Amino acid sequence: MVNRALYYWSRIFSEQLKEGQNYKALYPVISINIMHFNLLKETDAYHNIFRLYEMEKQNQEILTHNQEIKMRNQEIREKMEEETRRKEAESALEQSAKQMALRLLEQGWSMLLLCTQLDSQKNN
């Protein structure tokens with residue numbers, strides 16, 4: 001998959017110029033690859049960006065902004081979205097329980113009394 005992404009990126013980049021044209025006429029090419037499998041086992045990020053950069057320097061200076069390959073893993077994204085939906089549902093349920101408790105308190109119920117009454121009924 002990586003070689004395929006590089007190959008198609010390079011074809012698009014190299015086909016921009018006609019014979020005799022100046023290299024300054026080149027436009028950046030960004031390759032976006034959407035996958036439904038985990039290509040990069042070292043990361044659980046769903047969106048990765050790759051560029052050419054200087055590896056020996058600490059600041060890792062970018063060689064060019066004309067090349068960028070993006071890898072998006074839809075499987076990981078779907079798992080993240082599912083986890084977000086689960087957390088939102090839990091939060092909504094918790095909010096609903098709080099609202100119900102507040103309504104009971106507004107109606108004069110004592111939550112402590114309610115629990116005490118239930119405990120005393122178990123013992124009888």
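The side chains of Arg86 and Glu90 are joined by a salt bridge with an N to O distance of 2.4 Å, where a salt bridge denotes a side-chain nitrogen of Lys or Arg within 4 Å of a carboxyl oxygen of Asp or Glu. Because Arg86 and Glu90 stand four residues apart in helix H2, about one helical turn separates them. Arg86 also meets Glu83 in a salt bridge, again at 2.4 Å, N to O; Glu83 and Arg86 lie three residues apart in helix H2 (residues 74–106), about one turn of the helix. Salt bridges with shared partners thus link Glu83, Arg86 and Glu90 into one network. Relative accessibility is 31% for Glu83, 38% for Arg86 and 44% for Glu90. Each of these values is read against fixed limits: buried means under 20% relative accessible area, exposed over 50%, and partly exposed in between (1.4 Å probe, protein chains only).

This is a predicted model, in which local features need pLDDT of at least 70 and side-chain atom pairs count only at pLDDT 80 or more, whereas totals for chains, interfaces and linings use all residues. Residues are numbered from 1 along each chain as its sequence is written, and side-chain values use heavy atoms, with hydrogens and water left out.

The overall architecture comprises three helices and three strands, arranged along the sequence as α-β-β-β-α-α. These elements are DSSP runs numbered from the N terminus, helices being H or I with at least four residues and strands E with at least two. Of the 124 residues, 15% count as buried. Among contacts with a separation of 6 or more, 58% involve residues 24 or more positions apart, a contact being heavy atoms within 4.5 Å.

The interior is best approached through its largest nonpolar core, which has eight residues: Ala5, Trp9, Phe13, Leu26, Val29, Met35, Ile69 and Met71. H1, S1 and strand S3 (67–73) each supply at least two residues of this core, and H1 gives the largest share, three residues. Such a core is a set of buried Ala, Val, Leu, Ile, Met, Phe, Trp, Tyr and Cys residues joined through side-chain atoms within 4.5 Å. In soluble globular proteins, nonpolar side chains tend to be buried together. Beyond its neighbours within four places in sequence, Ile69 contacts Ala5, Leu6, Trp9, Ser31, Asn33, Asn48, Ile49 and Phe50.

The structure also holds two aromatic pairs. The rings of Tyr7 and Tyr8 are edge-to-face, because their centres are 5.4 Å apart and their planes stand at 70°. Trp9 and Phe13 form a stacked pair, 5.0 Å centre to centre with 10° between the planes. Rings of Phe, Tyr and Trp (its six-membered ring) pair if their centres lie within 6.5 Å; planes under 30 degrees apart count as stacked, over 60 as edge-to-face and the rest as tilted. Trp9 and Phe13 are four residues apart in helix H1 (residues 2–14), and so about one helical turn separates them. Trp9 is buried at 13% relative accessibility, as is Phe13 at 17%, whereas Tyr7 is partly exposed at 47%.

On the surface, Ile30, Ile32 and Ile34 make a nonpolar patch of about 310 Å². Patches consist of residues with over 30% relative accessible area and no salt bridge; like charges are joined within 9 Å, and nonpolar side chains (Val, Leu, Ile, Met, Phe, Trp, Tyr) within 5 Å. Areas come from the Shrake-Rupley method with a 1.4 Å probe, and for residues only the protein chains shown count as cover. Ile30 lies in strand S1 (residues 29–35) and is partly exposed, with a relative accessible area of 46%.
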